[in-house]
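Here is a set of short exercises to work through with the structure open beside you. Try each task on your own before reading the solution that follows.

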Amino acid sequence: MALTESIEYDKIEVVGQYKHVQVRKATVIKKDNKELTRSFERYTLNSGMLDASDKLVDTDLSGEPAEVSAVCNAVWTTDVKAAWKAKLIADKSSTP
Amino acid sequence: MSQIKLTADSGGGTTSIKAPSSTTSNADVVLKLPVADGSANQVLKTDGSGQLSFGSDISDLVNDTSPQLGGDLDLNGSIIGVGDGGPNANQEHIRFGNDGDLRIYHDGSDSYINDTGTGHLNITSSQVNILNPAANEAIAKFIPDGAVELYHDNTKKFETYANGCTVTGNLNASNVDLGDSAKARFGGSNDLEIYHDGTNNVILGSTGDLYQKSADDMYFRVAGDESGINIIGDGAVELYYDNSKKLATTSSGVQISHTGDCQLQLLADSDNNGSNQWPHIQFRVDNTSGQAEAQIAYRQDNSVLKIDIAGTEKVGVNANGLVFNGDTAAANALDDYEEGTWTPALYNGTGITVHSASYTKVGNLCNVSAYVTISSNSSSGMVKFNSLPFTAANVGYSIGSAYTQSTGGTHVFSQIDSNSTNIIIYKTNGGTVYQSELSGDYALFSGTYRTT
């Protein structure tokens, strides 16, 4: 009888005009190679955030798995980043 | 002198030797007596040249080791008797042929016509009849240009005719060999035929149903001896694929089994011509309506796997997701359910401790909640958590509830912006909650928003 735990990034989705990357990280527990449980943790990544001077700071992808980084780098083009930055700045002024 | 008289020593009589009354062409005949006397019962014989000798009497066949007929033997109403014997030289029998090819004898128990020599035993006749000893019951008849008939107790059972033979009664045989396409036919109109056509074996019933009955089990074997169908008496009917049982009836229904992925396929209208021939699974009880109580069906025309209750579609699954009550609108399809955890992070701020953060997504609605403690912080940045599990759709703000430890009597709420991955804590008057206000304090918040 062997219990194993593994991590699978089983969903990497690109959504919306700002190319948010939705990542589903599955933790899989198996007993004798038969799956017992699968639990999900999700997070989303966008291309950056504004600093105090409204400069867009790129999201740090160093902690991401290679497949996630690859998707992010592929979809976060200059145009996407520019649009995202504009959106963040606009949100600041439209906050209720 | 034509006679010589010899006077006996006593009695006064004579014995004479007399010549014939006349001769032929004055020929002389000289008869010479044998030198010595013969044996008892012998007769005086000539050699044809006048030499006389003593020999056996012609009637003494018993002692004649090589008797011969000089002409046809006329029995004159008598019989030729041959005792019990056998086919061998020292056994009584009647022998035919130069080499004794045919012998007829009775061995004391049975009679034999023994043809062991050259050629065949041919019996020629206008008709050959084999009868009982009293000659009043037929055993077999052989009719030239006609039938051969075999009888049992004087009743004909077997008869040949121009197209074959007729058997009257039962035919018991070890084997009945029929060639390719030769048929065993049954019924007055050949209603059932069994034959081999040179390639395949055929059981052909042309009238009525075909019954096969067994006292107990019945097995249909294929590919030599692999199980195909087993019909168990008072039990299951089993269907096999490649000698492996796949389907069996049980006392309560049917069981389909397979080691590995097990499939039950219902294929209707498999030519995909678009007509409304759907595969159905019906669940039915004995009611008076005659309709299925419930059924699962796949409608090819609108590509939905549906569950009907009492004839009405209640639930369906199509390419858009789960639909209800026959709805076909894509927007109304429930296409997702998922739950899990997420990890809030303070936007442009210091670290936080996440005690719990979870989400539940149903369709395109996602509900998030979290319980966090914000580290010591003097930032004037807003309390804005990013990394929502799903990106919010571009449909405006979504408002949720929130509670913070140190905003005291000032109530707060949560807001999720459209097209974002953030959730922000605001004061109910719309004012910003600064990070420094929650330095070292905890916050609880939740919200429900539409995803993309």
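**Exercise 1. Place Lys157(B) and describe its surroundings.**

The model is a predicted one, so please read every value below as computed from it.

Step 1: find the element. Lys157(B) belongs to strand 11 of chain B, which covers residues 155-161.

Step 2: judge its exposure. The relative accessibility of Lys157(B) is 33%. Buried would require under 20% and exposed over 50%, so a value in between is called partly exposed. Lys157(B) therefore counts as partly exposed.

Step 3: look across the chain. Val167(B) is 10 residues away from Lys157(B) in sequence, and their C-alpha atoms are 5.6 Å apart.

Step 4: list the contacts. With neighbours within four places in sequence set aside, Lys157(B) touches Leu150(B), Tyr151(B) and His152(B), and also Thr166(B), Val167(B) and Thr168(B).

**Exercise 2. Do the same for Ile139(B).**

Step 1: Ile139(B) sits in strand 9 of chain B, residues 138-142.

Step 2: its relative accessible area is 40%, so Ile139(B) is partly exposed.

Step 3: Asn154(B) is 15 residues from Ile139(B) in sequence, with a C-alpha to C-alpha separation of 6.4 Å.

Step 4: leaving out neighbours within four places in sequence, the contacts of Ile139(B) are Ile130(B), Leu131(B) and Asn132(B), together with Glu149(B), Leu150(B) and Tyr151(B).

**Exercise 3. Is Asn422(B) buried or exposed, and which residues does Asn422(B) contact?**

Step 1: start with the location. Asn422(B) is in the loop that runs between strand 32 (412-416) and strand 33 (423-427) of chain B.

Step 2: check the accessible area. At a relative value of 2%, Asn422(B) is buried.

Step 3: collect the partners. Beyond neighbours within four places in sequence, Asn422(B) is in contact with Lys384(B), Phe385(B), Asn386(B) and Leu388(B), as well as with Gln415(B), Ile416(B) and Asp417(B).

**Exercise 4. Examine the backbone of Asn76(B) and Asp153(B).**

Step 1: recall the background. Most residues other than glycine have a negative phi.

Step 2: read the angles. Phi of Asn76(B) is near 55 degrees, a positive value in a residue that is not glycine. Asp153(B), also a residue other than glycine, has a positive phi near 50 degrees.

Step 3: place both residues. Asn76(B) is in the loop between strand 4 and strand 5 of chain B, while Asp153(B) is in the loop between strand 10 (148-152) and strand 11.

Step 4: add the exposure. Asn76(B) has a relative accessible area of 64% and so is exposed; Asp153(B), with 59%, is exposed as well.

**Exercise 5. Which residues form the negative surface patch, and where is Asp84(B) located?**

Step 1: name the members. The negative patch consists of Asp84(B), Glu92(B), Asp107(B) and Asp110(B).

Step 2: locate Asp84(B). Asp84(B) lies in the loop between strand 4 (52-55) and strand 5 (94-96) of chain B.

Step 3: check its exposure. With a relative accessible area of 54%, Asp84(B) is exposed.

**Exercise 6. Describe the nonpolar surface patch, using Ile104(B) as a sample member.**

Step 1: list the residues. The patch is made of Leu69(B), Leu73(B), Leu75(B), Ile80(B), Val82(B), Ile94(B), Phe96(B), Ile104(B), Ile113(B), Leu121(B) and Ile123(B).

Step 2: give its extent. Together these residues have about 1,000 Å² of accessible area.

Step 3: look at the sample. Ile104(B) is part of strand 6 of chain B, residues 102-106.

Step 4: test it against the cut-off. Patch members need over 30% relative accessible area. Ile104(B) has 32% and counts as partly exposed.

**Exercise 7. Draw up a profile of each chain.**

Step 1: count the elements. Chain A has 2 helices and 5 strands, in the order β-β-β-β-β-α-α along the sequence. Chain B has 0 helices and 34 strands.

Step 2: compile the chain totals.

| Property | Chain A | Chain B |
|---|---|---|
| Residues counted as buried | 34% of 96 | 23% of 452 |
| Share of contacts at separation 6 or more that join residues at least 24 apart | 45% | 29% |
| Accessible surface | about 5,300 Å² | about 30,600 Å² |
| Part of that surface on carbon and sulfur atoms | 52% | 49% |

Key:
Residues are numbered from 1 along each chain as its sequence is written. Chains are lettered from A and ligands numbered from 1 in the order in which they are written. This is a predicted model: local features need pLDDT of at least 70, side-chain atom pairs count only at pLDDT 80 or more; totals for chains, interfaces and linings use all residues. Side-chain values use heavy atoms; hydrogens and water are left out. Patches are made of residues with over 30% relative accessible area and no salt bridge: like charges are joined within 9 Å, nonpolar side chains (Val, Leu, Ile, Met, Phe, Trp, Tyr) within 5 Å. Accessible areas come from the Shrake-Rupley method with a 1.4 Å probe; for residues, only the protein chains shown count as cover. A salt bridge is a side-chain nitrogen of Lys or Arg within 4 Å of a carboxyl oxygen of Asp or Glu. Lys and Arg count as positive and Asp and Glu as negative; His and the chain ends are not counted. The place of a charge is taken as NZ of Lys, CZ of Arg, CG of Asp or CD of Glu. Helices (H or I, at least four residues) and strands (E, at least two) are DSSP runs, numbered from the N terminus. Buried means under 20% relative accessible area, exposed over 50%, partly exposed in between (1.4 Å probe, protein chains only). Contact means heavy atoms within 4.5 Å.
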